[in-house]
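Work through the exercises below with the sequence and the coordinates open. Try each task before you read its solution.

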Amino acid sequence: MPRKRLDLTFPPRQATKPVTYHLVKDFDLVPNILRAQIHPGQEGRMVLEVTGRKEDFEAGVAFLESEGIVVKPAATDICLDEEKCVLCGLCTAVCRPGALTLNGRGDELVFDKDKCVYCEACVVACPRRAITLSF
Amino acid sequence: MAKTWDEINERIVSGAAVVLTAEEFAELAAGVGVSEAAARVDVVTTGTFGPMCSSGVMLNFGHSDPPIRMSRITLNDVEAYGGLAAVDTYLGVTQQSSTRGIEYGGAHVIEDLLAGKAVRLRAWSSGTDCYPRTEIDTWVRLQDLNQAYFFNPRNAYQNYAVAVNSSERVLHTYMGTLLPHLGNATYCSAGALSPLLNDPTYRTIGVGSRIFVAGAPGFVAWEGTQHNPNQQRDEHGVPLAPAGTLAVIADMKRASTRFFAAASMTGYGVSAFVGIGVPIPVLDEEIAATLALTDADISATVFDYGVQRRSRPALGQVTYAELRSGTIEVQGKKVPTGPISSRAKAREIAAELKRWIAEERFTLAEPLKPLPQPGEQGVKPLEIRSEEAI
């Protein structure tokens, strides 16, 4: 079954709505929350990986949008500006899933796409601003 | 067999000198033994490339017509020091832009100048009889300046802390983002490639030493600020925590963006990666023995940055080999590690310096004055007290 990553932005009034429950129950989708920042009364953000049939996926997204949630495709890759990168390794220090690593001699930054949860910690940590997310 | 500085320099000038990087020398010594390696090799090159906040450049702009005695100076909206002579200034790397905050600072201005870009110079003055102009707004490039030289008060720290965070919250520090509950550890040293770890008691590195600074030939100008030779040391005499430092000077016009890179540390501010390389003459077997040390032989102390005090609690020692393996153990917990200092660049600097010596006949300078030695002056804290109490 196809799997897609979605970046959801919740307006303040919707931040407490149990939307993932409805995605499972009403649309037969399998959501995997990669990250979420939701505080009652404030704008929230959630990155979801959703597995399910195409028509269920489309209906699920339509449901989310009808609830006032802004649905965008989530980042699926990171871009490294190799001109700017000095291979310091600071991004690897904040990458909890271990998607960014330096090779044994420290001469190359290796990105393992499968491990990345697109938390953006590397984007923020990079002192050279050499990392950006791509969609 | 001992060699003298003169003998080594003669070999460099005649093109006969054997020069290896610290990594190559350690490998050779592991194979043939320290005394054989000492006999075969004349010079070992070291390098480091990490954020070094205590850096900056001295600039002289030349005089406008009519002239101005600049008392407030900005370069691309970054303030430079206005308390020097009319058109001299010092631009520190950590000074932040008044318009772009920590995304652009003194380090970025220096990087732009090194890249050949024009930088907007604005200055203000009250005006005097000899310097009547009160304002100036113009553009300058590195090539237009009379003098432009690095004067970095503290570079090339001899070892550094390993940073962890035992507190409940994420900390944004000059050591990078530290995750709560010992969630990660960061470290900032080139380890076995690092200049002062290869000459731990400053036998060959002192005032007047000829070195590599940001891609330019330069000198050790003085001991660096916070130079602390009295740090605890291991059986090889290598400090276990931040110890010696170097103040360095070099012609900015010969430097390169390959070896100088502006940095913006989120939640902390602007800094700069500075490339420093130091050649070490293999004078005798004692020097060779420390040059042969590897990351497995050199340790750093883990400090808890979760305690926001001058003296942070030390949580043990780890070797650079452990740090580079990706995980260390702190208080029984496995903690993932990440570097801040670029190993790849440190290696590139050591290789470039090796090339200078071998191909360009870059000779070594015996120190004119030694750095303060272990047992001499240390580092003092700043106590908060009243005038009456002093």
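**Exercise 1. Place E108(A), then find the charge patch that contains E108(A).**

Solution. Start with the loop: E108(A) sits between β6 (100–102) and β7 (109–111) of chain A. Helices (H or I, at least four residues) and strands (E, at least two) are DSSP runs, numbered from the N terminus. The model is predicted: local features need pLDDT of at least 70, side-chain atom pairs count only at pLDDT 80 or more, and totals for chains, interfaces and linings use all residues. Residues are numbered from 1 along each chain as written, chains are lettered from A and ligands numbered from 1 in the order written, and side-chain values use heavy atoms, without hydrogens and water.

Next, take the accessibility. E108(A) has a relative accessible area of 45%, so this residue counts as partly exposed. The cut-offs are under 20% for buried and over 50% for exposed, with partly exposed in between (1.4 Å probe, protein chains only).

Last, collect the neighbours. D81(A), E82(A) and E83(A) join E108(A) in a surface patch of negative charge. Such a patch takes residues with over 30% relative accessible area and no salt bridge, like charges being joined within 9 Å. A salt bridge is a side-chain nitrogen of Lys or Arg within 4 Å of a carboxyl oxygen of Asp or Glu.

**Exercise 2. Describe the overall make-up of chain A.**

Solution. Count the elements: four helices and eight strands. Then read their order along the sequence: β-α-β-β-α-β-β-α-β-β-α-β. Now take the extent. The C-alpha trace spans about 50 × 35 × 20 Å along its principal axes. Finish with burial: 44% of the 135 residues in chain A are buried.

**Exercise 3. Which strands of chain B pair with β19(B), and in what sense?**

Solution. Two strands pair if DSSP finds at least two bridges between them. Take β11 (residues 148–155) of chain B: five bridges tie this strand to β19 (residues 246–251), and the two run antiparallel. Here F150(B) has A250(B) as its bridge partner. Now take β18 (residues 216–223) of chain B. This strand also pairs with β19(B) in the antiparallel sense, over five bridges. V220(B) is partnered with V248(B).

**Exercise 4. How many residues of α4(B) are buried, and what follows the helix?**

Solution. Helix α4(B) covers residues 106–114. Nine of its nine residues are buried. Among them are the charged-type residues E111(B) and D112(B). Step past the end: G116(B), just after α4(B), has a positive phi of about 90°.

**Exercise 5. Locate the backbone features in the loops of chain B.**

Solution. Begin between β3 (56–60) and β4 (72–75), where P66(B) lies. The peptide bond from D65(B) to P66(B) is cis, with omega near -5°. F61(B) belongs to the loop between β3 and β4 as well. F61(B) has 11% relative accessibility, and therefore counts as buried. From F61(B) to P229(B) the C-alpha distance is 38 Å, across 168 residues of sequence.

Move on to the loop between β4 and β5 (78–80), which holds D77(B). D77(B) is not a glycine, yet its phi is positive, about 70°.

End with Q331(B), in the loop between β24 (327–330) and β25 (333–339). Its phi is positive too, about 50°, although Q331(B) is not a glycine. Q331(B) counts as exposed because its relative accessibility is 59%.

Conventions:
Patches are made of residues with over 30% relative accessible area and no salt bridge: like charges are joined within 9 Å, nonpolar side chains (Val, Leu, Ile, Met, Phe, Trp, Tyr) within 5 Å. Accessible areas come from the Shrake-Rupley method with a 1.4 Å probe; for residues, only the protein chains shown count as cover. The place of a charge is taken as NZ of Lys, CZ of Arg, CG of Asp or CD of Glu.
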